[in-house]
Amino acid sequence: MQIRTIETRPYPDQKPGTSGLRKKVRVVLQEHYLENFVQSVLDVIDDARGMPLVLGGDGRFHNRRAAQTIIKMAAANGVGRLLVGQGALLSTPAASCLIRKQGAQGGFVLSASHNPGGPDEDFGIKFNAANGGPAPENFTNAVYARTKAITEYRIADTDDVDLDTPGDWRVGDMVVTIVDPVADYAELMEGLFDFAAMTSALKSGAISICFDAMHAITGPYARRILVDRLGAAPDSVMNATPLEDFGGGHPDPNLVHAHALAERMYAPGAPTLGAASDGDGDRNMIMGDRFFVTPSDSLAVLAANLHLLPGYRDGLKGVARSMPTSQAVDRVARAMGIDCYETPTGWKFFGNLLDAGRITLCGEESFGTGSDHVREKDGLWAVLAWLNLLTVRQQSVADIVREHWRAFGRDYYSRHDYEGMPAAIGDGIMAHLRGQLAGLIGRSFGANTVCLADDFSYTDPVDGSVSPNQGIRIVFDNGSRIVFRLSGTGTEGATLRIYLERYERDSSRHDLDPQDALQDLIELAEQLGEVRQRSGMAVPTVIT
Ligand code: VG1
Ligand code: CO
């Protein structure tokens with residue numbers, strides 16, 4: 001095998017965001033663009049030579065081509081063994097599972113997650129570390145520094161590998177093993193949940209499920225686990241075939257983008273449980289018969305109930321949520337006498353807490369939930385947790401959540417996204433907000449008096465690393481909050497996210513429309529941020 005060293009020049013824009021490097025496909029297709037980034041990662045994990053690496057992706061446009069390039073570059077860079085999901089497919093949580101199970105040094109996941117796919121849409125690449133989790137900031141910063149100085153990369157001059165046939169293949173000195181992308185993950189799930197109880201509930205019809213894979217990676221996983229293994233009806237999994245462009249849709253599981261599922265769940269005769277996952281399988285949306293569970297509530301309900309499920313019988317060590325996620329889970333943690341950590345947005349910040357055994361469960365408002373079984377958020381895991389919970393509690397999804405609100409109070413919650421505004425406008429709004437912070441403390445706006453206003457900075461309690469500027473939070477003494485942040489996953493302009501939250505203890509007031517319950521905070525956010533005036537956008541592009 002001949003190894004070629006190719007001269008290249010740095011691209012200035014290869015800084016990984018909230019979750020890896022995400023770019024328009026046309027950007028990734030520029031000469032040496034992907035190669036530069038991959039070489040930079042391989043340079044930073046230099047000491048990994050000889051250790052296995054994992055490779056897979058969500059099946060979007062350019063997935064297979066990019067996988068072939070990475071295989072040849074890994075071979076040329078002295079990687080001893082590469083485990084590749086069949087068809088170059090692996091969901092993000094399955095990649096995490098595989099890295100951990102095989103003792104790999106890490107892995108590449110080709111995905112832009114919930115962003116759309118296709119020749120005119122997005123591609124992404126992220127690197128996960130040996131613990132199976134997203135590489136921490138010191139690693140991604142080192143990769144970014146490397147991309148700015150790169151002068152050459154190495155690639156093997158060989159034929160493409162057959163990605164579709166399981167088994168071992170040689171590429172020079174490297175062994176490429178094509179593995180079943182579902183098997184290890186399915187086995188892990190079987191160890192955590194009561195498959196027998198779920199099977200009998202589904203087979204007897206006591207519980208029914210509808211899962212929307214959104215033409216993304218979870219189709220094969222959901223079919224294998226829900227239909228083949230647990231006996232759910234074959235039509236329980238919709239949009240189950242992964243497509244390169246996700247059928248033209250946005251593989252983002254929320255009421256806007258998973259509208260076919262939402263319609264089914266609001267129609268007469270809806271299944272007991274409705275669920276969806278995103279492009280790379282790490283997000284989840286949970287619904288009941290005519291009922292939507294906000295991700296923040298889902299996290300809180302799971303915190304309160306997880307000990308009822310086999311893999312969690314010993315209880316929770318602690319919990320964590322990203323800063324903008326509602327405080328519902330905090331109330332559960334207080335009642336249970338366990339720690340609750342508040343981290344910046346992005347799963348990488350949970351890694352140290354999970355590794356140190358400080359938390360068992362964590363989640364984000366952006367439809368992400370997971371536990372210490374892997375180091376990524378895990379869409380199907382959350383769906384199985386809810387399914388198992390339904391068999392144990394023998395109540396509807398709505399009844400479980402309403403009962404939770406009666407016990408703990410309800411945190412009305414909503415996120416308003418203003419997508420694709422010019423970057424300078426987004427920065428301007430954030431700067432304008434930052435300028436007001438000092439003067440806000442102690443001020444009252446109607447029933448809301450500001451008790452804290454800052455730009456969130458996080459000090460990791462395990463390694464002491466500090467991550468500043470993680471979002472502006474304005475907290476009121478009645479527990480309400482408004483949070484502003486700029487997205488770190490978009491590929492065009494800036495996306496401003498406004499997170500709104502209000503606590504309601506009184507159970508006679510638990511059935512309001514969240515947009516009504518949050519009206520005063522929505523107006524206040526506009527007053528402080530001047531979003532409409534500055535962006536010219538009259539309404540948010542997405543409300544979740
Ligand atoms: C968004 C979410 C964040 C999530 C990230 C990756 O980031 O807000 O909670 O961790 O996406 O999710 P941002 O920076 O755009 O707000 V995934 O499923 O797209 O990998
Ligand atoms: Co995702």
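Colleague: Leaving aside neighbours within four places in sequence, which residues is W381 in contact with?
Modeller: This is a predicted model, where local features need pLDDT of at least 70 and side-chain atom pairs count only at pLDDT 80 or more, while totals for chains, interfaces and linings use all residues. Residues are numbered from 1 along each chain as its sequence is written, chains are lettered from A and ligands numbered from 1 in the order written, and side-chain values use heavy atoms, leaving out hydrogens and water. Taking contact as heavy atoms within 4.5 Å, W381 meets Y185, M189, L192, F193, L302, L306, Y312, L361, T369, G370, S371 and H373.

Colleague: Which helix supplies the largest share of the largest nonpolar core?
Modeller: A nonpolar core is a set of buried Ala, Val, Leu, Ile, Met, Phe, Trp, Tyr and Cys residues joined through side-chain atoms within 4.5 Å, and buried means under 20% relative accessible area (1.4 Å probe, protein chains only). The largest one has 73 residues, and W381 is among those with the most contacts inside it, along with F193, L226, W386 and L387. Its largest share, ten residues, comes from residues 379-393, helix α13.

Colleague: How many residues are in the other core, the one with M73 and L110?
Modeller: That core lies apart from the largest one. F123 and V176 are also among its members, and its residues number 44.

Colleague: Which residues coordinate the cobalt ion (ligand 2)?
Modeller: Donors are N, O and S atoms within 2.8 Å of the metal (3.2 Å for Na, K and Ca); water is not among the atoms, so sites may look incomplete. Here the distances run from 1.9 to 2.1 Å, and the donor residues are S113 (OG), D278 (OD), D280 (OD) and D282 (OD).

Colleague: How many residues apart in sequence are the parts that S113 and D282 tie together?
Modeller: Both S113 and D282 are buried. S113 lies in the loop between β5 (106-110) and β6 (122-128), and D282 in the loop between β12 (273-276) and β13 (285-288), so the pair ties together parts whose separation in sequence is 169 residues.

Colleague: Is S480 buried or exposed?
Modeller: S480 sits in the loop between β24 (472-476) and β25 (481-486). Not counting residues up to four places away in sequence, it touches N448, I474, V475, E501, R502, Y503 and L521. Because its relative accessibility is 1%, S480 counts as buried.

Key: Helix = DSSP H or I, 4+ residues; strand = E, 2+ residues; numbered from the N terminus. Buried < 20%, exposed > 50% of the residue type's maximum accessible area, 1.4 Å probe, protein only.
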